[in-house]
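Visitor: I am new to this structure and would like to know what the terms rest on. Please show it to me before we begin.

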Amino acid sequence: GFQQDFSEAGVTAGAAIRLSPRSSLALRGTASRYETSSDYDAYGGLLEWITDYSQTSRFYMRIGGQQTEPENGDSESSVIAGIGGRWQSQRNRLFLDLTRTVGPVAAGTIVERHQLRFRLNHDISERVTTVLGARFSRDESIEELSTYPTREYAAAEAGIEWRIRRQWALAATYTYRWQEYEDEVSDASANGFKIGIVYEPRRTE
C-alpha cells in the first residue's frame, strides 16, 4: 500500500511506589507529537502494576487513556492497556503479552493497535536452543472519516540455534507472514527460510 513518512516525538514523566518487596505501582504521564500526512498532539497517562514472582518471573498490568488532537478535526479519546509477563525456568524462557496502544503508522494516519505477542526459547542442551515466536495485530484508524482500512497482520517463526562457541552461533529460521486489509478482496501471505551466523561480542555465557 501507499507509504508515508512520519515522525514521533514525546516526553514521559512519572513516579512509582513499592507496595511490597516484590511489587510496585507506577503512574506515568506522556505528551507526544505525531507528524504524518497531518500533525497530531497527544496527551495521556497510565497506571501500571508490576510484580516479581521470583528472580526469573515478572507479571504486569497497565491501564490508561490518551487524547489525540489532529491539526484539523475533532479530538479522539482512546484506552491504552496491557497485560503480560515473562517466565524463566532452567531450560525455558517464555514471554507473552497483550497490548492496546495508539500511534502513527506508515500509511500516514494514527491507529489503535491491538497486539498479541508470544515467544518461547527452549534449551535442548547447553549448545542447542529452539525458538518459537508469534505476533498478531489489528490496526484501526482513530478517525471516523479516515480512508485507512482496518489491517490485520500475523507473523510466526520457528528456529534452532547451535552455539559453536560462546560468542558465535549458527541459526536457521522459518518465518511466515500474513496480512489482510478490510477493503481488499483477498489476503496476502509469504514464507521464508534463512540460515545465518550470529555474533555476540559481549556475551558472557
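Guide: A term comes before the structure itself: on a 1 Å grid over the protein atoms alone, a cavity is a set of points where a 1.4 Å probe fits but cannot get out, while a pocket is an open set with protein on both sides within 12 Å along at least five of seven lines. Lining residues have an atom within 4 Å of a point. Grid points are joined across faces, edges and corners, and a volume is the space filled by probe spheres set on the points. By that reckoning the largest pocket holds about 650 Å³ of space. Its lining has 24 residues, and Arg93, Asp123, Thr129, Glu161 and Arg203 are the closest to its centre.
The model is a predicted one, in which local features need pLDDT of at least 70, side-chain atom pairs count only at pLDDT 80 or more, and totals for chains, interfaces and linings use all residues. Residues are numbered from 1 along each chain as its sequence is written, and side-chain values use heavy atoms, with hydrogens and water left out.

Visitor: What makes up the protein chain, in helices and strands?

Guide: Helices (H or I, at least four residues) and strands (E, at least two) are DSSP runs, numbered from the N terminus. On that basis the protein chain has zero helices and 11 strands. The C-alpha trace spans about 60 × 50 × 30 Å along its principal axes.

Visitor: Which strands each supply at least two residues of the lining of the largest pocket?

Guide: They are E7 (109-123), E8 (128-141), E9 (151-163), E10 (168-181) and E11 (188-199). E9 gives the most, with five residues.

Visitor: How many residues of that lining are nonpolar, polar and charged?

Guide: The classes are fixed by residue type: Ala, Val, Leu, Ile, Met, Phe, Trp, Tyr, Cys and Pro count as nonpolar, Asp, Glu, Lys and Arg as charged, and the others, Gly among them, as polar. The lining has 13 charged, six polar and five nonpolar residues.

Visitor: Why is the contact between glutamate 48 and arginine 62 called a salt bridge?

Guide: A salt bridge is a side-chain nitrogen of Lys or Arg within 4 Å of a carboxyl oxygen of Asp or Glu. In this pair the closest N and O atoms are 2.8 Å apart, so the pair meets the limit of 4 Å. Glutamate 48 lies in strand E3 (residues 39-54) and arginine 62 in strand E4 (residues 57-70), so the pair ties together parts that are 14 residues apart in sequence. The whole structure has 16 salt bridges.

Visitor: Is glutamate 48 buried or exposed?

Guide: Buried means under 20% relative accessible area, exposed over 50%, and partly exposed in between (1.4 Å probe, protein chains only). Glutamate 48 has 6% and therefore counts as buried. Its partner arginine 62 has 25%, so arginine 62 is partly exposed. Of the 205 residues of the protein chain, 30% count as buried.

Visitor: What makes glutamate 161 and arginine 163 a salt bridge?

Guide: Their closest N and O atoms are 2.9 Å apart, so this pair also falls within 4 Å. Glutamate 161 is partly exposed at 22%, whereas arginine 163, at 8%, is buried.
Salt bridges with shared partners join Arg33, Glu35, Asp39 and Asp41 into one network. Arginine 33 and glutamate 35 form a salt bridge with closest N and O atoms 3.5 Å apart.

Visitor: Why is the pair of tryptophan 49 and phenylalanine 59 called edge-to-face?

Guide: Rings of Phe, Tyr and Trp (its six-membered ring) pair if their centres lie within 6.5 Å; planes under 30 degrees apart count as stacked, over 60 as edge-to-face and the rest as tilted. Here the centres are 6.1 Å apart and the planes stand at 70°, so the pair is edge-to-face. The pair links tryptophan 49 in E3 to phenylalanine 59 in E4, 10 residues apart. Phenylalanine 59 has 16% relative accessibility and so counts as buried, while tryptophan 49, at 27%, is partly exposed.

Visitor: How many bridges join E2 to E3?

Guide: Two strands pair if DSSP finds at least two bridges between them. E2 and E3 run antiparallel and are joined by 13 bridges, so they count as paired. Alanine 26 stands opposite glutamate 48 in E3. Three residues lie between E2 and E3 in their hairpin.
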